[in-house]
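Please open the structure in a viewer and keep the sequence beside it. The tour below proceeds by selection, with a short account of what is found at each stop.

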Amino acid sequence: TALPIWRSLILGFVTKQQAQELLQTRPPGTFLLRFSDSEVGGVTVAWVADNDQGERQVWNLQPWWAKDFTIRSLADRIHDLPQLQFLYPEIPKNTAFGQYYNPLQVDSSSKNTDYVTTMLSVTIASSGALSATDSVATPASQASL
């Protein structure tokens, strides 16, 4: 995917502190993409979620590099993570990235039916506070609180 397509989706050169300030007041599940300030050439995701004590916290994913996107695209990585719901400030992720998702490709070239098909996807290996089963508020539902 060409860089100009992503220009409007990646916030750019934003520090962790700036990302925290932008996201702290947003609903859980809100995220932004930024260039890593500590890992040159990396793109990272910062998002807001509640921690184990129910307090709002901004989290940062380990950066991804161009070589990572040859394995699984940026859009598909975003799609894989249910914790990420709204691209900052409040664009539903499927609206922002949906046109870039790749269809699920099942390798049917093998004639051996003894194998179960596998698929690569991205998950967050972290605490229970960030599990996929946690409910995520929408910007509209947050407004009513």
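**A tour that starts from strand β2**

Select Phe-31 and then Leu-87, its bridge partner in β5. The model on the screen is a predicted one. Strand β5 covers residues 86-87, runs parallel to β2 and is joined to it by 2 bridges.

Now extend the selection to the whole of strand β2, residues 30-35. Is this strand largely enclosed or not? Of its 6 residues, 5 are buried, so the rest of the structure largely encloses β2.

Next, add strand β3, residues 43-50, which runs antiparallel to β2 and is connected to it by 5 bridges. To view one pairing, select Leu-33 together with Val-45 of β3, which stands opposite.

Strand β1, residues 10-12, is the following stop; β1 and β2 are parallel and share 2 bridges. Here Gly-12 has Arg-34 of β2 as its bridge partner. To follow the chain between these two strands, select helix α2, residues 16-23: the path leads from β1 through α2 to β2, forming a right-handed β-α-β crossover.

Remain at Arg-34 and display its side chain. Which residue does the side chain of Arg-34 meet in a salt bridge? The partner is Asp-37, with an N to O distance of 3.5 Å. Arg-34 has 1% relative accessibility and therefore counts as buried, whereas Asp-37, at 45%, counts as partly exposed.

The whole structure contains 5 salt bridges. Another of them is seen by selecting Glu-90 and Arg-26, whose closest N and O atoms are 3.0 Å apart. This pair links distant parts of the chain, since Glu-90 lies in the loop between β5 and β6, Arg-26 lies in the loop between α2 and β2, and the two are 64 residues apart. Glu-90 counts as partly exposed, at 45% relative accessibility.

Then select Lys-67 and Asp-68, which also form a salt bridge, with 3.9 Å between the closest N and O atoms. Asp-68 is buried, its relative accessible area being 14%, while Lys-67 is exposed at 57%.

Finally, clear the selection and view the protein chain as a whole. Its secondary structure consists of 6 helices and 6 strands, in the order α-β-α-β-β-β-α-α-β-β-α-α from the N terminus. The chain has 145 residues, of which 38% count as buried. About 9000 Å² of the chain is exposed, and carbon and sulfur atoms supply 53% of that area.

Key:
Residues numbered from 1 in each chain as written. Predicted model: local features only at pLDDT ≥ 70, side-chain atom pairs only at ≥ 80, totals over all residues. Heavy atoms only, no water. Helix = DSSP H or I, 4+ residues; strand = E, 2+ residues; numbered from the N terminus. Buried < 20%, exposed > 50% of the residue type's maximum accessible area, 1.4 Å probe, protein only. Areas by Shrake-Rupley, 256 points an atom, 1.4 Å probe, with all protein chains shown as cover. Pairing = 2+ DSSP bridges. Right-handed = clockwise from strand over helix to strand, strands pointing away. Salt bridge = Lys/Arg side-chain N within 4 Å of Asp/Glu carboxyl O.
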